[in-house]
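User: Please take a close look at a single helix of this structure and explain how it is set against the rest of the chain. I would value a connected account with the supporting values.

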Amino acid sequence: MEYRYDTQLLIEKREDGPDLDDEAVNAYFREHFDGDCLIAVGDEELIKIHFHTNAPWKVLEYCATLGEIFDIVVEDMDRQSRGLKG
């Protein structure tokens, strides 16, 4: 498996922050992160992220600059493939 971690989270616009832009988030991921299975969909208030990567901490760090992040799930797909809790 090329990418080990299934990373999922929600980004919510900060009360005083700029609107969110899912197209800009998609473009940033494709330019700056190695991974696959990218889903970054939403609107100016809330974006859902799903991404397979080997560096989920970088994804979390970037997303935290955009707004409040929550419902964070990082699963180890390598462990899951071996029948272990991911």
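The helix considered here is α1, and the answer below moves from its end to its faces and then to its surroundings.

Analyst: The model is a predicted one, and the account that follows should be read in that light.

Helix α1 spans residues 22-32. Its N-terminal end is capped by D21, which places a side-chain oxygen 3.0 Å from the backbone nitrogen of E23.

Along the helix, the buried residues are V25, N26 and F29. Viewed down the axis of α1, these buried residues fall within an arc of 100°, and therefore they line one face of the helix. The general geometry of an α-helix is relevant here: there are 3.6 residues a turn, so residues three or four places apart point the same way. On the other side of α1, E23 and E31 are exposed. E23 thus has two roles in this description, as the residue whose backbone nitrogen faces the cap and as an exposed position.

The cover over the buried residues of α1 includes β2, β3 and α2. Two of the buried helix residues, V25 and F29, also belong to the largest nonpolar core, which has 14 residues; together with I49, F51, V59 and C63, they touch the most other members. At least two residues of this core come from each of β1 (5-12), α1, β2 (36-42), β3 and α2 (56-66). As a general tendency in soluble globular proteins, nonpolar side chains are buried together.

One contact set shows how F29 is joined to other parts of the chain. V59 touches F29, and also T7, L9, F33, F51 and T53, leaving aside residues up to four places away in sequence.

C63, another of the core residues named above, counts as buried because its relative accessibility is 0%. The structure holds zero disulfides. C37 is in none, and the nearest cysteine sulfur to its own, that of C63, is 16 Å away. In contrast to buried C63, C37 counts as partly exposed because its relative accessibility is 42%.

C37 also leads to a residue of β3, the strand of residues 46-53 in which H52 lies. H52 touches C37, along with Y3, Y5, D6, D34, G35, D36 and M77, again leaving aside residues up to four places away in sequence. H52 counts as buried because its relative accessibility is 13%, below the 20% cut-off for that class.

In summary, α1 carries its buried residues on one face, with E23 and E31 exposed on the other side, and β2, β3 and α2 are among the elements covering the buried residues.

Notes:
Residues numbered from 1 in each chain as written. Predicted model: local features only at pLDDT ≥ 70, side-chain atom pairs only at ≥ 80, totals over all residues. Heavy atoms only, no water. Helix = DSSP H or I, 4+ residues; strand = E, 2+ residues; numbered from the N terminus. Buried < 20%, exposed > 50% of the residue type's maximum accessible area, 1.4 Å probe, protein only. Contact = heavy atoms within 4.5 Å. Core = buried A, V, L, I, M, F, W, Y, C linked by side-chain atoms within 4.5 Å. Arc of directions from axis to C-beta. Polar contact = N/O pair within 3.5 Å; in protein donor to acceptor, adjacent residues only side chain to side chain. Disulfide = S-S within 2.5 Å.
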